[in-house]
Amino acid sequence: MIASPTPPRVVLYEGPGAEPLEAATRRDLFTRLLDRGYAVSLAGRGAPATPPEAAVIVLGRFQGSPPAVEGGSGPVSVRDISGEPLEQVVDAVEAARGSRPMNRPEAAAAETGGETWKPWFPVIDMDRCTNCMQCLSFCLFDVYGVSDDHHLQVENPANCKVNCPACSRVCPDVAIMFPKYHAGPIDGAPVSESDVSREKMKVDISALLGGDIYAKLRERSAGAKARFSRERSEDQALAERRRCLKKLADAEAIPREVLDALPTPEEIQRRAAEAAARAEAARAAAEAAT
Amino acid sequence: MSDAPTPPSDPQQPRLLYCRCAYAQVVPDDVKNDVLAGLADSGAAFEAVPDLCEMAARRDPQLAELAAAGPLRIAACWPRAVRGLFTQAGSPLPKEGVAIHNMRTDSATTVLAGMQGIADTPETAPGDTP
């Protein structure tokens, strides 16, 4: 996951002193390594390679001594891949990585047994964000936080619920992106005036309904609880909660899995109150600082 | 390593960065495969990363290196998202000298032309924030 250390970077060197790979072989090697989660550079011609701070594995068909690697501070290993089939080259890269854990794209994880964390988290467009903290008070999973200079920041991206873009829907300034979402402007597409109006309208409607969808959930839940105490029917209370969740899922406001994973109404209430208090404190601190 | 001469390079030449978007299916496969093939076949130096989102979440130091390295051409997705990712990783891209080409919406031919400096494409899409 995010805690994984930076994976080693692979450099394919084709500069002086090395024989270039055939175009098709080069293309195939890049594809295989990228799809396993490795960053790969082609170096030796044109723009200089960025001096790596991470571990680096240099591959090449060297005609004599391999080239010097300048700059960078990470460990370097060099492998002459002359005459080696690509499978062997990829295996050698894996072996050079050693036992360090590494996030993998899904297909590679299935093949190699590694872990996959889909990088799904909000990305703030700082040119649009007005630091209103609505997202911070909305999110129940502590994804958002406040920086030392009182600005909103994405503090715990790994806490975000995969495929849930709900916080972007409460942002009145259309400042929250999920680059892996399927549609704009949430995916980062340009924001139009109509997008802004629509978002503002959503927030207004939300306010008219008495707050955010979690508040709505709590309200429904409280209603169900009251009925439960009157009618002493646990089944009825549960059915009411299910109906409410189904409605939200059907509206595609929040993925069903996320709704299913929501904590108890009491816990939601507690977390929402905490988040709102943090947001309020951050707003006050930001105002005091200006 | 060795005392072989350092290969010639031109620091003014834009670096080329390709994002594979390997953790999602939001970039059409044919576009991302064709762009990678075009870059690899050209033989010019370039850097390819599995997924800029994943790297941003890890605050991979390569993002800081790229942001500080001078002129840069990026083949990835929406410019607003790419800039947001670099900013969130603590390494905002400079306002000038960065061209971002969108593989979600453009053809491989268009993206490759932009990456190779053949087509003069705008740094950001119309209506996008710079």
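## Chat about a predicted two-chain model

Author: Let's begin with helix α4 of chain B in this predicted model. Nine of the ten residues of α4(B) are buried, so the rest of the structure largely encloses this helix.

Reader: Nice place to start! Which residues of α4(B) are the buried ones?

Author: They are B:Pro79, B:Arg80, B:Ala81, B:Val82, B:Arg83, B:Gly84, B:Leu85, B:Phe86 and B:Gln88. Two arginines, B:Arg80 and B:Arg83, are in that list.

Reader: What happens with the backbone just after α4(B)?

Author: There you meet B:Gly90, which takes a positive phi of about 85°.

Reader: Thanks! And what sits on the strand side: which strands does β3(B) pair with?

Author: Strand β3(B) covers residues 72–76. One partner is β1(B), residues 15–19, which runs parallel to β3(B) and is joined to it by four bridges. The other is β4(B), residues 98–102, where the pairing is again parallel and has five bridges.

Reader: Could you give me residue pairs to click on? Which residue stands opposite B:Tyr18, and what is the bridge partner of B:Ile74?

Author: Happily. B:Tyr18 stands opposite B:Ala75 in β3(B). For B:Ile74, the bridge partner is B:Ile100 in β4(B). Between these two strands, the chain leaves β3(B), passes through α4(B), residues 79–88, and arrives at β4(B), a β-α-β crossover that is right-handed.

Reader: Good, that ties the helix back in. Is β3(B) mostly covered or mostly open?

Author: Mostly covered: four of the five residues in β3(B) are buried.

Reader: Zooming out, what is the overall pattern of chain B?

Author: Along the sequence, the pattern is β-α-β-α-α-β-α-β-α. That gives five helices and four strands. Of the 130 residues of chain B, 61% count as buried. The chain exposes about 4900 Å², with carbon and sulfur atoms supplying 53% of that area.

Reader: How many of its contacts join residues at least 24 apart?

Author: For chain B, 70% do, among contacts between residues at least 6 apart in sequence.

Reader: Let's switch to chain A. What are the corresponding numbers there?

Author: Chain A has ten helices and nine strands. Of its 290 residues, 46% count as buried. With contacts between residues at least 6 apart in sequence, 59% join residues at least 24 apart. Chain A exposes about 13800 Å², and carbon and sulfur atoms supply 52% of it.

Reader: I was looking at helices α1(A) and α2(A). At what angle do their axes cross?

Author: Roughly 40°, with the axes coming within 11 Å. Here α1(A) is residues 23–35 and α2(A) is residues 86–97. The crossing is right-handed.

Reader: And which residues meet there?

Author: From α1(A) you have A:Thr25, A:Asp28, A:Leu29, A:Arg32 and A:Leu33. They meet A:Leu86, A:Glu87, A:Val89, A:Val90 and A:Val93 in α2(A).

Reader: One last residue, A:Leu59. Where does it lie, and is it buried or exposed?

Author: A:Leu59 lies in strand β4 of chain A, residues 56–62. It is buried, because its relative accessible area is 0% and the cut-off for buried is under 20%.

Reader: What does A:Leu59 touch?

Author: Leaving out residues up to four places away in sequence, its contacts include A:Leu29, A:Val89 and A:Val93. You met A:Leu29 in α1(A), and A:Val89 and A:Val93 in α2(A), where those helices meet. A:Leu59 also touches A:Val10, A:Val11, A:Leu12, A:Tyr13, A:Arg79 and A:Ile81. A:Val11 is 48 residues from A:Leu59 in sequence, yet their C-alpha atoms are 6.0 Å apart in space.

Notes:
Residues numbered from 1 in each chain as written. Chains lettered and ligands numbered in written order. Predicted model: local features only at pLDDT ≥ 70, side-chain atom pairs only at ≥ 80, totals over all residues. Heavy atoms only, no water. Buried < 20%, exposed > 50% of the residue type's maximum accessible area, 1.4 Å probe, protein only. Contact = heavy atoms within 4.5 Å. Areas by Shrake-Rupley, 256 points an atom, 1.4 Å probe, with all protein chains shown as cover. Pairing = 2+ DSSP bridges. Right-handed = clockwise from strand over helix to strand, strands pointing away. Axes fitted to C-alpha atoms, helices over the stretch in contact; angles between N-to-C directions. Left-handed = near helix turned anticlockwise from the far one by under 90°.
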